[in-house]
Structures are given as C-alpha cells and as structure tokens.
Amino acid sequence: MSQDEHGIDSEFHAVCVPSPSTPAPMMHTKISSYPPLGQVTQLGEDSTSFRFLALLEVGSEHAKDPWEVAVWHSSATGDWVETLLSPISGTDSPFSLQSISPSRTFLYFCGPDIHSSLQFTLKFRNSRNQPWRWSREVSGIADGVVLITPPTPSNDAQTSLSDVIHGLNPDLKVEGAASQTPRTQLWTINADVGPSQDDCSAYTDIELGTPWGGSLRYFALVRHGSPWLGPRHGSTPFSLDKDAVMCSFLGSQGKHLVLLGVSGVANVMTLLRSSDSGSVKLHIRNDAEDESSGLVLAAVGDNFESAIAAVMYHARAVVFATRDRETAFSRELRSLSDDVKPEWYENWYDGLGYCTWNALGQRLTDEKIINAVEALAKDHINISTLIIDDNWQDIDYNGDDQYQRGWKGFEAEPNAFPRGLKDTVARIRSKHSSIQSVVVWHALLGYWGGLSGGGELAKIYKTVQVNRDDSNLKEPMIVIAEEDVDRFYNDFYKFLSDCGVDGVKTDVQYMIDTWVSAKHRRELSEKYLDTWIIAALRHFSIRAISCMSQAPQLLFHQQLPRNRPLMLTRNSDDFYPDIPDSHPWHIFCNAYNSLLTQHLNILPDWDMFQTDHEVAGFHAAARCLSGGPIYITDVPGKHNVDLINQMTGPTPRGQTVIFRPSVVGKSINAYISIDDPVILKIGSYHGRAVIGTPMLGVFNTSRQSLSEAFPISLFPGVLPLTKYVVRSHRSGLVTPVTFPTTTVAVSLDVRDYDIFTAFPVTQFQSETNGRLYIANLGLIGKMTGAAAILTYQSELLHTGRVFFDTRLKALGVLGRLPPLRLLT
C-alpha cells in the first residue's frame, strides 16, 4: 500500500520522519509489538479491548538511556493521534524463555486500553532531544491493523453474496446452501462450460467479482507446480501468478470470505484467477462430451478456520453425492477398509523412517542400501520403515532425464541388484529385526516416462500412447490401457509382496493431469486412481504413500472422501538439501498448505530431511509439530544422533517411536507472507479437548533476526480460564503458573527455531499443604514430549499429597510441575 492508503500522508512523513543520519544507539535498535505491526490482528469472542505492548531491543550499553516509544494510530474520529507508551519491568514484563545475548537488552513499554479498531505504527527515540525514528524505517514493515469484531449471532440475518462480492456477475447461478459450520454462511456458484470437442477440452474464463470491494489481506493456495500447492499472500489489489484452488479474503469488518474451486466432479476442473483490475475470475476446464458447469463454493465466517471448514465440508458432500450408487469399487473399498485394525495405524505412522533418495544418490544398488542400513544400526538408530526410493527399477535410460525414461519389467535393475529385489529385502530383514516395513517407490504410471516401448511390460499388457503437456517435457508416453490397469496393479503388487515388500510410495500422480487428450483424462484418470487405492489396500493395507498428488482432481477424488482409511500424503514440494533458500520456504509452504489439507482424509507428510544438515533442527522441529510421519535421508555415517533422540524415544519392546501430536501442525495466521519480517508460528495440539496440551513452534523464515512478544492465548486450544505453564524445548525454561493473557518474548536468529508447549495446570486445595499446582510436562528433552502422554490423571490424597498417574508412549525422563507461584 502507499503511505496515503495507510492514512499517513506524505506531508507528515516529510516533516516527522528523520533523515538517515540518526545517532549511533538507534542504528542497531529493533522494535516490535503486540498487536503486531504488518499484520491484521482480529479480536473477537472474549476481547472488547486490548493494550499495546512494545518490545524494544537495544544494545546493552544503551539500556539505561531514557528511551521513549509512542504509537501513532487512527482514532474513532478518523484523525491520527499519538499515544506515548509507559516503560514496564519486573513481573509486568513478558517472560523470556530463552537466553538473551549479554550484548542485547529487551525493554518493554505498554499503553492504555484501546476499545476500538484502528490502524497503527510505532516510533521510538533514546532521549527527548533526539528525533523520532519510525518502525517502518527500521524494519521495513508496514502498519498494523487491529479489528475488534464481536462474533456473529447465530440468528443473524442472512447476507446476500452480492454484498460480499462487489460486482458479482449476474450470469452466474448463485444459491444459498446449508452450512455445517456454526456462524458461517455458504453459497454455491455455478458457471456453464461447453462440451469437449474433437478430443479437445472445453475451456471458459468467467468474471466473478471483487471480494469486499477490496480486501485488507488475501491468502491463496495455488498450483505452485503441476504436482504441488503453494501459498500466495497480499493485500489490495488481488493478484496471482498462478491458478488457485482456494482463496481467502479478509474484509475491513473482520469477516473472512473463502472461495473453493471444486474439481474432479463430472470431469470438470474449476480454478480461481485474478484479473488485471484485481477481481476474481473462474477458469474452468471440461473434459466431458456434454455441457457441464464449474462449481465454486463460497463461505463467510468470523474467522478463516470456520469459513474454510464450511466450504470443505460441503465439498465432501458434493463429491459423495456424485458417487452414492453402489459399485464393485465401493463394495471392495468398504470391505478392505473395514479390515484395517486401529493398531496398524500406530505401527505405520509412528515409527522412524529412512529414505534412500537424498542419502544414496541417483544410482541405487543393493549394496548401497544394505550399507546404509548397517550404518544406522552401528549408531544405534533403529528405524521401523525403510523406503527404497526411485532408481531401483529396471528402466531403459533413454533420453537425458527421468521424464523420458520408461519402465521395462517388475524385477529390480539387474546390474544394481544382481540377485534380485527379493534377495535384497530378505538380507535386510534377516539382520535388522527393528525394520517392520520395507517400502518401494514407483510412479503411478510405472515410471516418470511411463513404460518402455521395448520392455517386457509393454509386451505383456495392453498399452496406449498418450500425449502430455508437462512443464518438464512435452512428449508422448506409453501407459497401460484401461482394460489392463487392474491386472497390471495386481500382478505388480503380488510380485512386490512375494519379494517381502509390504508398502509402496506411489509418486508422479499428477502426470495424468498433463495428458493433452480429453478422452484419455476422462477414461483413464479415475481408473488409475481407484485401481491403485484398491490394489494398495488389498496387498499392503494402509502402508501406502501418495506423492506429487496435489493436482486439483486428485485432491477431491482421492483425498477428500472419508470412505477409506487415512492415507499418508506428501504435503509439499521436496526437501532440497543443497538449495539454501528452499529451507524456509519448505517449512512455510507446509505450514500453509496444511490449512487446506487438514480437512482431507490424509496424514500430511512434510517429506524427509537430513539430520546432519546445517539447518537440521529447523526441519526436525517442523516435522515433529506436523502431526505426520518423520523420515530421515542421512548419508551413511553422517547422523546427528542427539537430534534424532529429540524426535524419538525407545519403547520397552525395543522399538523407536516418534511423538506425533494428535492435531496436525499449521500456521496460526492465514495472512502472513513469506516476505514479511515476521516469525512463522506453527500451532499444534495433543490430547483431548479442554485437557490436552497446546504447542506453538516459532520459526524465523526471514532473512533477518527477529524478536517478538505475544500472549499465550495465541497457542491453539488454550482456554481463557485455564492456568498454564509454558516450557521452551531449546532452553528448558518454564514460566510460573499463569493465565493465557500473559505474554512471552522470543528472539530468533535467521533459520532459528523453538517449540513452546503450554501445559494445563491442575489446582488442588489441601488442608495440610495449602494450594497445590501440578502439571504433566511429558517427556523432557523431546521436541514434542507432550505427545508421549497417552493417559494422565491426578488425585489429591487424604494425606495432602497428590497422586500422579500417567501412561507414556516411550521411555524417557518424565517432567512434572515443581511448586510454583501463581502469576496474577
């Protein structure tokens, strides 16, 4: 936004903003606040007012200077006013759970209660005879906005969508729909699209309108690449560089509009685009031979989470309604799903995995794999799952890269695996009893380039040549024809089972969306997806990983329905160890993709990583919070055993397990950009509602060191009247017993991280010992040690002592709350 759009005119800046020749103490001073600058903070349910808190980070040699901090903010009259903040110290200051460098000092300032929405910025100086310095000048961060918005009453009058989307296209068919989410309103939007002709899909682009007439912030999940989703953020005007599956718009009144394009129903794909004027357009593709319509779902709610839940719940109902008839596929799917035992999930999801991809290079051999497993055992790293990734198959090696190469036969590459796949698996299992699952990689269509025309498979099964328009290659490929897909998958998976393989990682699934022919997409896409699901369940039960499968049709056809077991599914693009800029993006992308994928019938897989990498802890903390599996891909002998021990623990049976929170990790704010100098906060939760444990991971994904202060109430699942203690994983420091309004301060260098866990406190009143507080801190020394808690109860005995009973997932050091005072 321009300065005028922020309400601070250019004349004011010309007069009040000092020149760059500022005094030395100011040069290395940083300022932040809560509510934060550069963000929209929404206060609702229990907050009718707030108090500014500013954090000023200064060199310790200037800590005694007479610093002043002021808020420059809008007022109810529309004028901008200045409010000087008062310094605070001692018990009124936020708690710092980290060791701060002796060369730096945190100073805190607070202001009076504010009772209205406003826009603000900050300024500071180190004495009254010095010029003010503005926060935007120091950090480049924009103004903050605070919205005080009471929740919508459940009986509130219905809003017209035309009041939400300005300039709503009258040619669209808009209908209200019943929302399954409280205090939200839902609509369906249909747009006509013609039939495919001459094997060419029909396309149409239709104007929708401008959400809120211009939004404070927007968040979109776009097709970051053909296989993947990725986040985009901004303010007015709305502008996307790629097609979006979902967009959310925050209006100036504190309402959130979520738009979801529904794909995979009746061979239609519906995506969202931006126009040159900042409006939303629908981009629709129809592969069917009949006229059809594209569907967009729209929901308005008091917060992003309720609005996206409304559209996702309704999308599932739409998909289910198109497949409600009984078929052989649905019957077998139900039968295979019913056979899955609950304990199988724990064995598959909760073990530590090892993947060969980054570890062993592009040319796998049986000896490389066996040596890697031996190296893990030598360092006492007990993996439960071994994933033999790409490059074990017998392919033709035609062309310059994998996109041109085809698969020849089921057996492993004969030169690299001279005694066959079965022998390799048998040798691994005979020496390493801790390995419960051996998983192999393959593409949905066999290999990246399909089948080899001169290979054995192309002779055994009926094939068809399909043209593809992929960003990596625009050449034809050979694939199994529709009538032989079932036989092919059953034969292949029987071969793998006979070899001792008991799971698959099925990759390159997006490739079916790159086919040029509307007929091939129409006739083969669902055939491949449905057959793969059935074959995987039939031969391997739940031990399957879906990868490169975030193409829109796959999201709705394969991952949204709940009539099948939960499936491990990759949540973002790959871990790239040798590309430094990829690491913050990888964490950021996964955290935002999870805002959508949390509503799919999947367990999000944030991909493997290397424990000896320079930012290994950064990745490890994110994987622990993700709620998904953890795989490592270490070069043999290069392991960070201490880091592995922070992620895992041994069971009494000698197995190694990870500590997965019961709620998937995701960004707690939908509208923060990767370019914003803001700490990424990934929230998670473990246990039952009310009595469970909130967790908040803090990650510096920016290019500069950052310091922030925020209330404990930001942790997901924190209850306003419950007392907590908060513990830092990195430092081990713990706050006193306190309420959610208490603030904590955090300071992170570039690529730095921490995990804060808020443990609920139980209070007892003892006649002999007075007021007692107790909390179960889970396993100490583990990143998500609270997720080791299976059951927990405490009871005050007649002796005045407290009986503490807990059941844990693994062995380790159990933490408990020592006697602490209550912070009021």
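Student: What makes a residue count as buried in this chain, and what percentage of the 824 residues do?

Tutor: Buried means under 20% relative accessible area, exposed means over 50%, and partly exposed is in between, using a 1.4 Å probe and protein chains only. By that yardstick, 60% of the 824 residues count as buried. Keep in mind that this is a predicted model, where local features need pLDDT of at least 70 and side-chain atom pairs count only at pLDDT 80 or more, while totals for chains, interfaces and linings use all residues. Residues are numbered from 1 along each chain as its sequence is written, and side-chain values use heavy atoms, with hydrogens and water left out.

Student: Why is Gln197 called exposed?

Tutor: Its relative accessibility is 52%, so Gln197 counts as exposed. Gln197 sits in the loop between strand S14 (184-193) and strand S15 (202-211). Helices (H or I, at least four residues) and strands (E, at least two) are DSSP runs, numbered from the N terminus. Between the C-alpha atoms of Gln197 and Pro131 there are 70 Å, with the two positions 66 residues apart in sequence numbering.

Student: And why is Ser201 called buried?

Tutor: Ser201 has a relative accessible area of 13%, so it counts as buried. Ser201 also lies in the loop between S14 and S15.

Student: What does Ser201 touch?

Tutor: Leaving out residues up to four places away in sequence, Ser201 touches Ser196, Arg285, Asn286, Asp287, Ala518 and Arg521. A contact here means heavy atoms within 4.5 Å. Ile284 is 83 residues from Ser201 in sequence, and their C-alpha atoms are 10.0 Å apart.

Student: How do you know that strand S38 is mostly covered?

Tutor: Count its residues: seven of the seven in S38 (residues 680-686) are buried. Leu680, Ile682, Ser684 and His686 are buried on one side, and Lys681, Gly683 and Tyr685 on the other.

Student: What makes S38 and S39 a pair?

Tutor: Two strands pair if DSSP finds at least two bridges between them. Seven bridges join S38 to strand S39 (residues 693-699), and these strands run antiparallel. One partnership is Gly683 with Leu696 in S39. S38 and S39 form a hairpin with six residues between them, and Gly687 in the turn has a positive phi of about 105°.

Student: Which other strand pairs with S38, and over how many bridges?

Tutor: Strand S37 (residues 663-667) does, in the antiparallel sense, over three bridges. Val663 stands opposite Tyr685 there.

Student: What makes S7 and S40 edge strands?

Tutor: Both belong to an open sheet of three strands with the order S7-S42-S40 and mixed pairing. Strand S7 (95-96) and strand S40 (706-711) each pair on one side only, which is what an edge strand does. S7 runs parallel to strand S42 (residues 743-748), joined by two bridges. Ser96 has Ala745 of S42 as its bridge partner.

Student: How do you know that the radius of gyration agrees with a compact globule?

Tutor: The radius is taken over C-alpha atoms, and the globule rule is 2.2 Å times the number of residues to the power 0.38. For 824 residues the rule gives a value near 28 Å and the chain has 28 Å, so the two agree. The C-alpha atoms fill a box of roughly 85 × 70 × 55 Å along the principal axes.

Student: How many helices and strands does the chain have?

Tutor: There are 17 helices and 49 strands. Among contacts with a separation of 6 or more, 73% come from residues 24 or more positions apart.
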